[in-house]
Amino acid sequence: MKLYLDLLFFLNFAFDFLLLYAVRKILKRTVKFYRLLLAAIFGGLSIFMLFLPLNSVTLFLLKFVLSVFMVLIAFSYKDRRYFIKNMIYLYLVSIVMGGALYFLNVQFSYKQEGILFYHNGLSINVFILLMIAPFILYTYSKEMKSYKTKYNELYEVEVTLKDKQILKLTAFLDTGNRLTDSLNRPIIVINEMDKVKEDNYVLVPFRTIESTAYLKCIEVEKVKINGEERKKILLGISPNRIQMEGVDCIIGMKVLEG
């Protein structure tokens, strides 16, 4: 049997990218597209480990280490829970995909070498798998999201500051949050204080359980929530870190209403 290394790399890259993209959609991670590509390229290179003289245990451990780096490249590291959740879902999606490939293997009775099925050489079914794989992952991610009610409250937020700096954030919708300033402008409470370089603050009073405090807020150029632009919104700098896994800021219903 002839093996084409460039084709093997492409197949490995394609499946790794689909897996990472499925994790992004299921967990609604706000990551840039190029990070998924870089992680998939890194994972695609792991196909060449098959040619190393390694026993099965060593090969498994090496693949696990590579998957850790894939997750870090794709989603970075925010905290331990965030990282572990990404790893778990990467393997869950991999299991679903692996089960689908095994099912096709049994149904069509092709010979198998790793993820490749062949009959008298490399068969066209490999390319059919590439076309079917996105549908499998789409169906799985759609079903997973229906059971993950928590993540239904997450939104992708893009904030453009006055100096044209753009912040890409993951927001949690707090339906009980009605925080506004004296001009009735809704406020997005941000977690990433170190990324905001602004001296012109507006102090907005808000009531806590114990007393009344003041929140530092700044005016922004524009805000997009899930791609839809909102106007007359302030950005509030939280004095404490938001203790929610994978969340950068909190929005209320007034923010969605614009």
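**Exercise 1. A hairpin and its neighbours**

How many residues lie between β3 and β4 in the hairpin they form, and which residue in the turn has a positive phi? Then follow β4 to its other partner strand, β11.

*Solution.* A word before we start: the model you are looking at is predicted.

Step 1. Look at the link between the two strands: the β3-β4 hairpin has five residues between its strands. In that turn, Lys 164 takes a positive phi of about 70 degrees.

Step 2. Now check how the two strands are joined. Strand β3 covers residues 154-160 and runs antiparallel to β4, with seven bridges between them. One pair to find on screen is Thr 160 with its bridge partner in β4, Ile 166.

Step 3. Move on to β11, residues 249-251. Here three bridges make the connection, and β4 and β11 run parallel. Leu 173 has Ile 251 in β11 as its bridge partner.

Step 4. Finish with the burial of β4. This strand, residues 166-173, is mostly covered, with six of its eight residues buried.

**Exercise 2. Reading the whole sheet**

Work out the strand order of the open sheet, and find which strands stand at its edges.

*Solution.* Step 1. Set the scene with the chain as a whole: its secondary structure comes to six helices and 11 strands. Nine strands make up the open sheet, in the order β6-β7-β10-β5-β11-β4-β3-β8-β9, with mixed pairing.

Step 2. Read off the ends of that order. β6 (202-207) and β9 (228-230) are the edge strands; each has a single partner strand, so one side of each is left without a neighbour in the sheet. From one strand to the next, the twist averages 35 degrees.

Step 3. Walk inwards from β6. Strand β7, residues 212-219, is antiparallel to β6 and joined to it by six bridges. In this pairing, Arg 207 stands opposite Thr 212 in β7.

Step 4. Take one more step, to β10 (residues 234-237). Four bridges join β7 to this strand, and the two run antiparallel. Ile 218 faces Leu 235 in β10.

**Exercise 3. Two helices side by side**

Are α2 and α3 roughly parallel or roughly antiparallel to each other? Describe their contact as well.

*Solution.* Step 1. Start with the geometry: α2 (residues 33-44) packs against α3 (residues 56-75) at an angle of about 165 degrees, and the axes are 7 Å apart.

Step 2. Apply the cut-off: angles over 145 degrees count as roughly antiparallel. The two helices, α2 and α3, are therefore roughly antiparallel. The crossing of α2 past α3 is right-handed.

Step 3. List who meets whom. The α2 side includes Leu 36, Leu 38 and Phe 42, and the α3 side includes Leu 66, Phe 69 and Ile 73. Sorted by class, this contact has 11 nonpolar, one polar and one charged residues.

**Exercise 4. The loop after β4 and helix α6**

Which residues does Thr 180 contact, leaving aside its neighbours within four places in sequence? Say also whether Thr 180 is buried or exposed.

*Solution.* Step 1. Locate Thr 180: this residue belongs to the loop between β4 and β5.

Step 2. Judge its burial. The relative accessible area of Thr 180 is 19%, and it is buried, given that buried means under 20%.

Step 3. Collect its contacts beyond those sequence neighbours: Arg 185, Pro 186, Ile 187, Val 204 and Lys 254.

Step 4. Follow Lys 254, found in helix α6 (residues 253-257). Lys 254 is partly exposed at 27% relative accessibility. Not counting residues up to four places away in sequence, Lys 254 touches Arg 178, Thr 180, Asn 184 and Pro 186. The C-alpha atoms of Lys 254 and Ile 188 are separated by 9.8 Å, although these residues are 66 apart along the chain.

Step 5. Look again at Asn 184, which also sits in the loop between β4 and β5. Asn 184 is not a glycine, yet its phi is positive, about 65 degrees. For context, most residues other than glycine have a negative phi.

Conventions
Residues are numbered from 1 along each chain as its sequence is written. This is a predicted model: local features need pLDDT of at least 70, side-chain atom pairs count only at pLDDT 80 or more; totals for chains, interfaces and linings use all residues. Side-chain values use heavy atoms; hydrogens and water are left out. Axes are lines fitted to C-alpha atoms, for helices over the stretch in contact, and angles run from 0 to 180 degrees between N-to-C directions. Angles under 35 degrees count as roughly parallel, over 145 as roughly antiparallel, 65 to 115 as roughly perpendicular and the rest as oblique. A crossing is left-handed if the near helix is turned anticlockwise from the far one by less than a right angle, and right-handed if clockwise. Contact means heavy atoms within 4.5 Å. Ala, Val, Leu, Ile, Met, Phe, Trp, Tyr, Cys and Pro count as nonpolar, Asp, Glu, Lys and Arg as charged, and the others, Gly among them, as polar. Two strands pair if DSSP finds at least two bridges between them. Buried means under 20% relative accessible area, exposed over 50%, partly exposed in between (1.4 Å probe, protein chains only).
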